[in-house]
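Subject: Structure for you to look at

Dear colleague,

I am passing on the structure we spoke about, and below it I have set out what I found when going through it. Please read the notes with the structure open beside you.

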Amino acid sequence: MALMITSECINCDVCEPECPNQAISMGESFYEIDPQRCTECVGHFGEPQCVQICPVECIPLNPFHLESREQLQAKYERLTAQAQVQAETRAEFALEVRSSASVAAQVPRASTD
Ligand code: SF4
Ligand code: SF4
């Protein structure tokens, strides 16, 4: 089951950087949890990190996103695989940029005389 943030949130900003899945972001009036990214911290920690740190206890379970532990684990594995593909794509792009810059540096400049 994903978690959700209620309107009791005081926008203290402390939960957002603690989420290992980047599931928390600022909404229109207060912070929100993306249920597609929240695994209840399954795969990362034994307890939901946002719940542990929230000073006003405004992060209950989201009744609209019922999931078993197995489903949360599968979501964690999907998110991890996506993150790995994104990291590899970024690394390949950086390599291509470096390679192009290296080739450009070797091309003699046209004389302006
Ligand atoms: S329970 Fe974990 S994964 Fe879900 S929003 Fe909180 S910190 Fe993020
Ligand atoms: S820790 Fe609690 S009060 Fe603070 S931003 Fe997150 S949900 Fe809101």
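Leaving aside residues up to four places away in sequence, which residues does Cys-50 touch? Before the reply, please keep in mind that this is a predicted model. With those sequence neighbours left out, Cys-50 touches Leu-3, Cys-15, Glu-18, Cys-19, Ile-24 and Ile-59. Cys-50 also belongs to the largest nonpolar core, a set of 13 residues in which Leu-3, Cys-15, Ile-24, Ile-33 and Cys-50 touch the most other members. As a general matter, nonpolar side chains in soluble globular proteins tend to be buried together.

The overall form may be a useful next step. Along the sequence the protein follows the pattern β-β-α-α, which amounts to two helices and two strands. The C-alpha trace spans about 75 × 30 × 20 Å along its principal axes, and the radius of gyration is 21 Å, whereas a compact globule of 113 residues would have one near 13 Å. Buried residues make up 18% of the 113 residues. Of the contacts between residues at least 6 apart in sequence, 70% join residues that are at least 24 apart.

Two ligands are present, and cysteines appear among the closest residues of each. Ligand 1 is surrounded by 14 residues, the closest being Cys-19, Cys-38, Cys-41, Pro-48 and Cys-50, and its shell divides into nine nonpolar, three polar and two charged residues. Ligand 2 is likewise surrounded by 14 residues, of which Cys-9, Cys-12, Cys-15, Tyr-31 and Cys-54 are the closest, while its shell holds twelve nonpolar, one polar and one charged residues. Cys-50 is thus listed among the closest residues to ligand 1, and Cys-15, which Cys-50 touches, is listed among the closest to ligand 2.

Finally, two single residues may help you to find your way around. Lys-75 lies in helix α2, which covers residues 69–106, and Lys-75 counts as buried because it has 21 C-beta neighbours inside 10 Å, where 20 or more are needed. Its C-alpha atom is separated by 7.5 Å from that of Arg-37, although the two residues are 38 apart along the chain. Pro-17, by contrast, is in the segment before β1 (24–26), and Pro-17 counts as exposed because it has 10 C-beta neighbours inside 10 Å, the limit being 12 or fewer. From C-alpha to C-alpha, Pro-17 and Ser-68 are 25 Å apart in space and 51 residues apart in sequence.

With best wishes

Conventions: Residues are numbered from 1 along each chain as its sequence is written. Chains are lettered from A and ligands numbered from 1 in the order in which they are written. This is a predicted model: local features need pLDDT of at least 70, side-chain atom pairs count only at pLDDT 80 or more; totals for chains, interfaces and linings use all residues. A residue is near a molecule or strand if its C-beta atom, placed from the backbone, lies within 6 Å of it. Ala, Val, Leu, Ile, Met, Phe, Trp, Tyr, Cys and Pro count as nonpolar, Asp, Glu, Lys and Arg as charged, and the others, Gly among them, as polar. Helices (H or I, at least four residues) and strands (E, at least two) are DSSP runs, numbered from the N terminus. The radius of gyration is taken over C-alpha atoms; the globule rule is 2.2 Å times the number of residues to the power 0.38. Two residues are in contact if their C-beta atoms, placed from the backbone, lie within 7 Å. A nonpolar core is a set of buried Ala, Val, Leu, Ile, Met, Phe, Trp, Tyr and Cys residues joined through C-beta atoms within 7 Å.
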